[in-house]
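Here's a short set of exercises to work through with the model open in your viewer. Try each task yourself before reading the solution.

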Amino acid sequence: MASDSESNMDREIILADFQACTGIDDIAEAITLLELNNWDLVAAINGVIPQENGILQSNLSSVASQANIYGPHSQAAPAAPPAAPAASSSSSSAFCPALPSRHIVERQPRMLNFRVEYRQRTVEVVIEEGSVVGEIKQILETELQVPVSKMQLKGWKSGDVSDSIVLQSLHLPKNNSLYVLTPDITPTASTSQNSVLQESLNQNFLLVISHREAQRDYNLNFPGSRTIQEVKRNVSDLTNIPVRHQQWEGWPASASDSVSNSEACMISSAVPDDCVITLSAVDMTLAASGISYPCHHLGVCRRSSPANTQEPTEEVNNTEVNVFVQCADVHMVSDSEGDDFEDASEFGVDESEMFGMGTSTGCRKAPLMPENTENEVDALLHFTAEFTTRYGECHPVFFIGTLEAASQEAFYGKARDRKLLAIYLHNDESVLGNVFCSQMMCADSIVSYLSQNFITWAWDVTKEANKARLLTMCTRHFGSVVAQTIRTYKTDQFPLLLIVMGKRTSNEVLNVIQGNTTVDELMMRLMGAMEIFTAQQQEDIKDEDEREAREMVKREQDEAYQLSLEADRKKREAQEREQAEQLRLQQIQKEADDEKEAIRLSLEHALPPEPAEEGGEPISKLRIRTPSGEFLVRRFLGSTKLQVLFDFVASKGYPWEDFKLLTTFPRRNITQLDPASSLLEAKLFPQETLFLEAKE
């Protein structure tokens, strides 16, 4: 644990040096560039600011040149010659390269932002990096009306600093948070003691708790209504030191684990109307303890003397009046409150006596998920509702649906819409559960990051039946390796946050985050998973775009081919219709011709025989000229009717319905005469020349 802390501290120093040298204010961008160079500061700077004289050499004199290069009164200076190899190997990581003069002229002074809190006020200060700490205090003196001599500026990462320290030498990021302490100035009492306490109950206190044995600091935010005993229980979850074995440093002399009668009355009047006040074993609140606002430093370690372990029992037995505030929508007592005195029998004290009552009036919280639930959707709805009841409305948006549906939502949409799948596994029997949920899962930064980049699905493995069902689902969707990995984790290592990424052939678990982490570590691991996912997503987007382009070309070709086929089909159908029409007309024409031929043959057979030239009866010889210029010559009896003449002409293919039979001179239309009259009556005797003309 100590090596991890040292590694994180080294990276913070490297990050600050890198930002100071390059002027890159975006922390995410700076971290990305450093990780591309495996946190090699020299390589990262060379990658951002190429040097004209080859690879940049780091040396101790570079630190001194920072203020000249990047300070507000910087002047161009020639680059120092490269140091000897021995000096280079022993140089500090905090340096800035001596840049060419043209870079120096263009470089603007780096500005730092400070958010300074003092009691109920917040002051924003923007100042150049080359300024000293005392200049910040002078600005605050004007804003807060507090003399510099009575002002203590706290919150520096490197500890307390003097007023003459140059900000640039502290290697600060662009945005910083500080707070002002004025121990020599007593706050003015503008309201009654009761209203002041109520206002303090609504404030948030930052407790910086140093675990001496593990050499690790915890930054925990608590509302003023949280009790000292609850803080100790939460710290017990983090450090595995029972409350009765904890030895503290830094609590004010007025702070104790129990409240007095007067303090209980003030808390009672400050509690909202929808809360129920009952007599129970509860501690002094942070608001009434006298700790520094907004930040207070504490230290904790395991108590070494066995005799001191009797103190918690004595304190509880001596408590005359304790107030337990139980609200419907606020969880005031830690999940592990029963664990603090789980071994009370070793002190010879009965548990009922320890809490000053015959039977316990505290109520156990409902499980996050009912046992042996048949419907996963109902189980997750219950999980979300109970999680909200315990830890508040600010929490990740849990996906309501099966694990398969969550995987489909995260992995199988468009490449641009895909996300990582975060599987949160909760276990109420773990000592880390309450702190992880309240401090990590409900932190604004974590909630926002998960909502934007992840599909979050949750499950409660407290009950064995629910755990077995989870393992079955994981085996079905992710394979037996994931299920076996979950089995290997012990109860005290929960909660777990599994980060799963969908791949082309299978789903891959990128990271398994255990409950013993901090907000910063959790955010770093989430960001690391996002970097891997983003690289894979870019490849998937490229492949998807190329595939869609190919499919679009293929669709266009298919559409063009279909249009061509449609045009050919229509052309072929038109030809077929035309041919069918021609055949129909030909058939009609043939039928008409056949009919005409049949009529002609019948008329031809019905004609009387042609008389001889010499006979007893008068003979009329007629010459008929056709439209084609040919002549039809025939003899008829003078008594022959005109109808026989018309039938003769029709038998030759010139029906009288279509043709007129005319005389030459004088011109007469014979077809208009009575067909029953004879040739003699028509004056077509003894001979006559006629011609045929088509009717109009």
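**Exercise 1. Work out the strand order and the edges of the sheet that contains β15 to β18.**

Solution. The model you're looking at is a predicted one. Start with the order: this open sheet has 4 strands, arranged β16-β15-β18-β17, and its pairing is mixed. Now go to the ends of that order. β16 (631-637) and β17 (659-663) are the edge strands; each has a single partner strand, so one side of each is left without a neighbour in the sheet. As for twist, neighbouring strands here are turned by 30 degrees against each other on average, ignoring direction.

Next, take the pair β15 and β18. Strand β15 (residues 619-625) runs parallel to strand β18 (residues 687-694), and 5 bridges join them. To find the register, pick R623: its bridge partner in β18 is T689.

Last, add the helix. α21 (residues 642-651) lies across β15, β16, β17 and β18, and runs at about 150 degrees to β16.

**Exercise 2. Which residues in the loop between β17 and β18 deserve a look at their backbone geometry?**

Solution. Step one is P666, which sits in that loop. Check the bond leading into it: the peptide from F665 to P666 is cis, with omega near -5 degrees.

Step two is K683, found in the loop between β17 and β18. Its phi is positive, near 60 degrees, and K683 isn't a glycine. Is K683 buried or exposed? The cut-off for exposed is over 50% relative accessible area, and K683 has 63%, so it counts as exposed.

**Exercise 3. Describe the sheet built from β1 to β4, working from its order to its pairs.**

Solution. Read the order first: it's an open sheet of 4 strands, β2-β1-β4-β3, with mixed pairing. The edges are β2 (121-128) and β3 (152-154), each pairing on one side only. On average, neighbouring strands are turned by 30 degrees against each other, direction ignored.

Then go pair by pair. β1 and β2 are antiparallel, with 8 bridges between them; M111 has E128 as its bridge partner in β2. Their hairpin leaves 2 residues between the strands, and R119 has a positive phi near 55 degrees there. At the other edge, β3 and strand β4 (residues 175-181) run antiparallel and are joined by 3 bridges, with Q152 partnered by L181 in β4.

To finish, place the helix: α7 (residues 133-144) lies across β1 (111-118), β2, β3 and β4, at about 140 degrees to β2.

**Exercise 4. Follow helix α14 from its start to the residue after it, and say what it packs against.**

Solution. Begin just ahead of the helix. A side-chain oxygen of N375 comes to within 2.8 Å of the backbone nitrogen of V377 at the start of α14.

Now check the length. α14 (residues 376-391) has 16 residues and spans 22 Å from first C-alpha to last, close to the 22 Å expected at 1.5 Å a residue.

Which residues are buried? Among them are A379, L380, F383, F387 and Y391, but the list also includes E376, E386 and R390. The buried residues pack against α15 (403-411), β11 (420-426), α16 (433-441), β12 (454-460) and α18 (464-478).

Right after the helix comes G392, with a positive phi near 100 degrees.

**Exercise 5. Explain why T462 counts as buried, and list what its side chain reaches.**

Solution. Locate it first: T462 is in the loop between β12 and α18. Buried means under 20% relative accessible area, and T462 is at 16%, so it qualifies.

Now look at the side chain. It reaches the backbone nitrogen of D428 at 2.8 Å and makes a polar contact with the side chain of D460 at 2.6 Å. Setting aside neighbours within four places in sequence, T462 is in contact with H426, N427, D428 and E429.

**Exercise 6. Find the loop positions of P495 and N240, and give the backbone angle to note at each.**

Solution. P495 lies in the loop between α19 (480-488) and β13 (496-502). The peptide bond from F494 to P495 is cis, with omega near 0 degrees.

N240 is in the loop between α9 (228-239) and β7 (246-249). Its phi is near 60 degrees, positive in a residue other than glycine. With a relative accessible area of 52%, N240 is exposed.

Methods. Residues are numbered from 1 along each chain as its sequence is written. This is a predicted model: local features need pLDDT of at least 70, side-chain atom pairs count only at pLDDT 80 or more; totals for chains, interfaces and linings use all residues. Side-chain values use heavy atoms; hydrogens and water are left out. Two strands pair if DSSP finds at least two bridges between them. Axes are lines fitted to C-alpha atoms, for helices over the stretch in contact, and angles run from 0 to 180 degrees between N-to-C directions. Contact means heavy atoms within 4.5 Å. The expected span of a helix is 1.5 Å times one less than its number of residues. Buried means under 20% relative accessible area, exposed over 50%, partly exposed in between (1.4 Å probe, protein chains only). A polar contact is a pair of N or O atoms within 3.5 Å; within protein, one must be able to donate a hydrogen and the other to accept it, and residues adjacent in sequence count only if both atoms are side-chain atoms.
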